Amino acid sequence: MPPRRRGASGFRGVRVRPSGRFTAEIRAGGFRLTLGTYNTPELAARAYDAAAWRFRRPGRDMNFPDVESLEEAEFLAPPPCLVDDEDRRRHRQVQRRIAIAERDEQLMRQWRAQFHNDADNTDAFFANLRAQRRSDRRHRRAVAAFELENPNTTWTENDPRWEDIWTETTSDDE
């Protein structure tokens, strides 16, 4: 039987990804096991050889026939890339930051389209924003004042909403 054809990487069990990185895979029991993605074909081939030794494959199935034992193959192979909860958390955090940045860019495009960098429109925009914030602050203070007069309030003593009434009384005293 002729030897199996090796892929574009030149190594058995190593495929080139579209990104230019190399994936090591091995077939065992009708399944294809992915061993990881590596920057060079040699690292991927070393990972394949370590897995081939673990599966007790014959020496002709190895990429590096000079390796004589499983221990030597595992020593030469790169460490496996294990994805744990911390990696997943970091990935989610990065994805959230990217989504926020994309949303900011979209809002800035909308804002520019609406105001065309016109100074009068920009001033009107920020004046409207200040008025809205003032209105919200007055509403929160009115609710806090009502709760202060109401003997059946559901707010606890440490509720941060009480700060709205205290900031109103201190600003009125000045």
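## Burial and the model

A residue is called buried when its relative accessible area is under 20%, exposed when it is over 50%, and partly exposed in between, with a 1.4 Å probe and only protein chains taken into account. The model is predicted, and local features need pLDDT of at least 70, while side-chain atom pairs count only at pLDDT 80 or more and totals for chains, interfaces and linings use all residues. Residues are numbered from 1 along each chain as its sequence is written, and side-chain values use heavy atoms, with hydrogens and water left out.

## Overall build

The chain has five helices and three strands. Helices (H or I, at least four residues) and strands (E, at least two) are DSSP runs, numbered from the N terminus. Along the sequence their order is β-β-β-α-α-α-α-α.

Of the 174 residues in the chain, 22% are buried. The accessible surface comes to about 13,600 Å², and carbon and sulfur atoms account for 52% of that surface. Accessible areas are computed by the Shrake-Rupley method with a 1.4 Å probe, and for residues only the protein chains shown count as cover. A contact means heavy atoms within 4.5 Å. Among contacts in the chain with a separation of 6 or more, 27% join residues 24 or more positions apart.

## Salt bridges

Side chains of opposite charge can pair when their charged atoms come close. A salt bridge here is a side-chain nitrogen of Lys or Arg within 4 Å of a carboxyl oxygen of Asp or Glu. The whole structure contains four salt bridges. One of them joins arginine 15 and glutamate 25, with 3.0 Å from N to O. Arginine 15 belongs to strand β1 (residues 14-16) and glutamate 25 to strand β2 (residues 22-28), so this bridge ties together parts that are ten residues apart in sequence. Glutamate 25 is buried, at 11% relative accessible area, whereas arginine 15 is partly exposed at 39%.

Glutamate 25 also forms a salt bridge with arginine 32, whose closest N and O atoms are 3.8 Å apart. Arginine 32 is partly exposed, at 46% relative accessibility. A further salt bridge lies in helix α3 (residues 85-115), where arginine 89 and glutamate 86 are three residues apart, about one turn of the helix. Their side chains meet at 2.5 Å, N to O. Both partners are partly exposed: arginine 89 has 36% relative accessibility, and glutamate 86 has 32%. Arg15, Glu25 and Arg32 are joined into one network by salt bridges that share partners.

## A buried threonine and a buried proline

Threonine 23 is part of strand β2 and is buried, with 3% relative accessibility. Not counting residues up to four places away in sequence, threonine 23 touches Gly13, Val14, Arg15, Arg17, Thr34, Gly36, Thr37 and Ala44. One of these, Arg15, is the arginine that pairs with glutamate 25.

Proline 41 sits in helix α1 and is buried, at 16% relative accessible area. Apart from neighbours within four places in sequence, proline 41 contacts Ser9, Phe11, Val14 and Phe22. The C-alpha atoms of proline 41 and phenylalanine 22 are 5.7 Å apart, although 19 residues separate the two along the chain.

## The loop between α1 and α2

Arginine 56 lies in the loop between α1 (41-54) and α2 (70-76). Its phi is near 60 degrees, a positive value in a residue other than glycine. Arginine 56 is exposed, at 74% relative accessibility.

Glutamate 68 is found in the loop between α1 and α2 as well. Glutamate 68 is exposed, with 67% relative accessibility. From glutamate 68 to tryptophan 53 the C-alpha distance is 9.5 Å, and the two are 15 residues apart in sequence.

## A positive patch

Arg130, Arg133, Arg134, Arg137 and Arg138 form a positive surface patch. Patches are made of residues with over 30% relative accessible area and no salt bridge; like charges are joined within 9 Å, and nonpolar side chains (Val, Leu, Ile, Met, Phe, Trp, Tyr) within 5 Å. Lys and Arg count as positive and Asp and Glu as negative, while His and the chain ends are not counted. The place of a charge is NZ of Lys, CZ of Arg, CG of Asp or CD of Glu.

One residue of the patch, arginine 137, is in helix α4 (residues 119-149). Arginine 137 is partly exposed, at 35% relative accessibility.
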